[in-house]
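Please find below a colleague's note, set out as numbered points, to be read alongside the sequence and the coordinates.

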Amino acid sequence: MDNNAIISMISLSSFLLASSLVVLGFKNSPRQVIGLRVGYFLFVVGTLSTTVEALQSGSTATLLAAAVAWATIISWFVWKLELIGAFTAPVIALTLLSHIFFLPHARVPSSSIDTRSLQIHIVAAVIGQTFAILACGLSLLFLWLDKKLKNRELNELPVRYPAFTTLTKALNRSLWIGFAFITLSLLTGAIFSLNGQLDNIQNMYPKIVWAILVWTWYLCILVLKEIRGYQPQKTARMSLIGFALMSLSWFGLLFVGPWGAQ
Amino acid sequence: MTNSSPKKPRLDHSSEFFCVGHNHRTADIETREAYYLTPEQVELALVATSKKFGLSELAMLSTCNRCEVFGFSSAATFLSVEFLHEIYEFIHETVNSKSKIGPDLFRKTPYTSTGWDAIRHTFHVAASLDSLVLGETQITGQFKDAITIARNAGTLGAMLGRLTQEALGTAKKIRTETAIGRHRVSISHAAIDLARRASSDLSTLSFLILGAGEMSRVAAEYAASYKPRRLVIANRTKEKATTLVEQLNFGEAHGHDQLSSLIAHADVVISATSASEFVVMKSDIVTAFKTRKNSRLGPLFLIDIALPRDIDPKCSEVEGVYLFDIDDLKSVVEAHMDKRREAVVEAEHIVTERMDNFSQWLGLQKMAPLISSSSKYFTDTILKEAQKTFARENFSRLDDDQRKAIDAMVAAMASRFTSDIAKTLRNATGDETQALISALKALFEKDPSP
């Protein structure tokens, strides 16, 4: 087994284990604290090994996994949102699995077809998708809190569960940042294809159409939220749909074109 | 009250501590009310009782939940139940002429405890482990006041002083190291704490409190302590709201005439009026939310702590509105009480540990005269022998420095022997201690042999 395979195994197993441990944060029992801490530790281990893997392989899936992992860790410190890891850890594990089984060769283009716009396109897409994933996790946390409070299940809410204002603020920022980068990735992708550097553009049509659909959906969320004054509950539900659309463009169009997952 | 004493039973002053009185476990509210004494009465009673019974160490804790006398008597043999009842009766007869309780009830009701039971009870009272609301903080302050009163009355001696000091130290340790006081257990406090689900930083929230009664006052005081972005007190009679705002020196007062507008600008509404019908209707919330959309406020928490309820349950149908009533808060308070109860086990460990320290201190107090005698015996004996030796011709040529060195060695030897004896006494238990004390008394409590 070579070094890359070992790192890959460490990343995947860390996030799989972290997925099952970080959910302990939803329980109020102090006995869960050790398990939770082990979960966070494994998450950090997984983040470091995935970053090494992403830098070595240049694979878009590992780049995305590393970006989501770092965004999660940053959100722990900035917004004290430790519980977001309960959502992002399985998403990262799934992304790494997709890399192992479906996209082992999907990577950032080599220098032969390298252009600045394509590089920016990929980086922007990864950051945009990272924040869309984060927004989805935040939406789930928000809607769970909403449900528990509506049903008055006060004793079932974990002590460390984030407050509404924290979740709303984090969700709004994630949506705005995600939208900005998705827009940038669409623009740079368009420039790249208009320059005629894509051999089989027909193969990319479903992906382009789907990416525009995802972008339009996020635009709708922001317009309705900012102009129509939509309640955060509606914004949260819409961002869940946005994430579902984006996942389809990631997993559903895996086999379209040479860089289907980019 | 438990009967456990420190791990090693020792021969010490513990049996000379006593406690007599009423508390919420042993007496109903009428009885406690009748026995309540003001701080001035307590001071007078301590002075008079101390003189009458020849008790130099007495303190008294008189609160709404307890009226208890703590004391230390060097004549432990007299600490019978009857004697303690007599003390208690005398205290109340001296200063509480309004007492409606007859002498028969006097003798039946008060509980008594002596020795380690009394010591443990003192620790429990100071640490709020014996309080009606487990872990409440008020009792520790009242306990400190009781010590001050006893000191002013001149009835706080070394033994009782040390006991109360240890009890307060234990209370502090329990509060710092266990979860006993971490969870609020009053409905008004729980209402404000619930607002943390809206924002973890309460200073960013806008509170609207409906009503100006006792529950509103407690909630408003607690909210004001966080200096929230806005605190509005709205009452049907605006003057009452104004009075409360003046007392708080924070917030603004309103009537009920512009309720929708007030709700529109609030994040948390706490209602505790005495109205017999709903004060807040769904239509008020809908109207308020139309204004809120423009100002982009977050969710609205409606917390109804009134009975009968003030807020129409249909209000919760509006998206972004979370309604809670007194039953929901009771479940939170109950859960908090459970957490406090869980912390009691940990607190009891601390009490036992600190009682062991106190026991060691007590042991040393009892043995202090004996240790002092042994030290004197060793020093005198060794010095006498040393002088005999120095008188011999071959030691007469020693200079001053050499003599000083030998004197220092003699003193060190005496000190070492005494220290070994003290250590042996400290570690001895039960009969062994008694045997050692008898032997040491026979050896040392006499003049050194010529």
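**Notes on strands, cores and two buried polar residues**

1. Strand β3 of chain B, residues 66–72, is mostly covered, since seven of its seven residues are buried. The model discussed here and in the points that follow is a predicted one. In a regular strand, side chains alternate between the two faces of the sheet. In β3(B), R66(B), E68(B), F70(B) and F72(B) point one way, while C67(B), V69(B) and G71(B) point the other way, and all of them are buried.

2. Which strands pair with β3(B), and in what sense? Strand β1 of chain B (residues 17–23) pairs with β3(B) in the antiparallel sense over seven bridges, and within this pairing C19(B) has F70(B) as its bridge partner. Strand β2 of chain B (residues 57–62) also runs antiparallel to β3(B), to which it is joined by six bridges, with L58(B) standing opposite G71(B). The connection from β2(B) to β3(B) is a hairpin through three residues.

3. Chain B also contains an open sheet of six strands with parallel pairing, in the order β7-β6-β5-β8-β9-β10. Its edges are formed by β7 (252–254) and β10 (321–325) of chain B, each of which has a single partner strand, so that one side of each is left without a neighbour in the sheet. On average, and with direction ignored, neighbouring strands of this sheet are turned by 15 degrees against each other.

4. Within that sheet, strand β5 (residues 206–210) and strand β6 (residues 230–234) of chain B run parallel and are joined by five bridges, and the bridge partner of I209(B) in β6(B) is I233(B). Helix α8 of chain B (residues 187–194) packs on the sheet, where it touches β5, β8 (268–271), β9 (300–304) and β10 of chain B, and its direction makes about 170 degrees with that of β9(B). Helix α13 of chain B (residues 326–391) lies across β9 and β10 of chain B and runs at about 75 degrees to β10(B).

5. Which residues touch the most other members of the largest nonpolar core? They are F207(B) and I270(B), in a core of 163 residues, to which α5(A) gives the most, with 15 residues. Not counting residues up to four places away in sequence, I270(B) touches A191(B), I192(B), F207(B), L208(B), I209(B), L210(B), A219(B), I303(B) and I305(B). There is also a second, separate core of 23 residues, which includes V269(B), L300(B), I311(B) and V318(B).

6. Is H189(B), a residue of helix α8 of chain B, buried or exposed? H189(B) has a relative accessible area of 19% and is therefore classed as buried, although this value should be read against the cut-off, because buried means under 20%. Leaving aside neighbours within four places in sequence, H189(B) is in contact with R184(B), V218(B) and Y222(B).

7. In chain A, K148(A) is found in helix α5, which spans residues 116–150. K148(A) counts as buried because its relative accessibility is 9%. The side chain of K148(A) is joined to that of E156(A) by a polar contact of 2.8 Å. When neighbours within four places in sequence are left aside, the contacts of K148(A) are with E153(A), E156(A) and L157(A), so that E156(A) appears both among these contacts and as the polar partner, while K148(A) itself counts as buried.

Conventions: Residues numbered from 1 in each chain as written. Chains lettered and ligands numbered in written order. Predicted model: local features only at pLDDT ≥ 70, side-chain atom pairs only at ≥ 80, totals over all residues. Heavy atoms only, no water. Helix = DSSP H or I, 4+ residues; strand = E, 2+ residues; numbered from the N terminus. Buried < 20%, exposed > 50% of the residue type's maximum accessible area, 1.4 Å probe, protein only. Polar contact = N/O pair within 3.5 Å; in protein donor to acceptor, adjacent residues only side chain to side chain. Contact = heavy atoms within 4.5 Å. Pairing = 2+ DSSP bridges. Axes fitted to C-alpha atoms, helices over the stretch in contact; angles between N-to-C directions. Core = buried A, V, L, I, M, F, W, Y, C linked by side-chain atoms within 4.5 Å.
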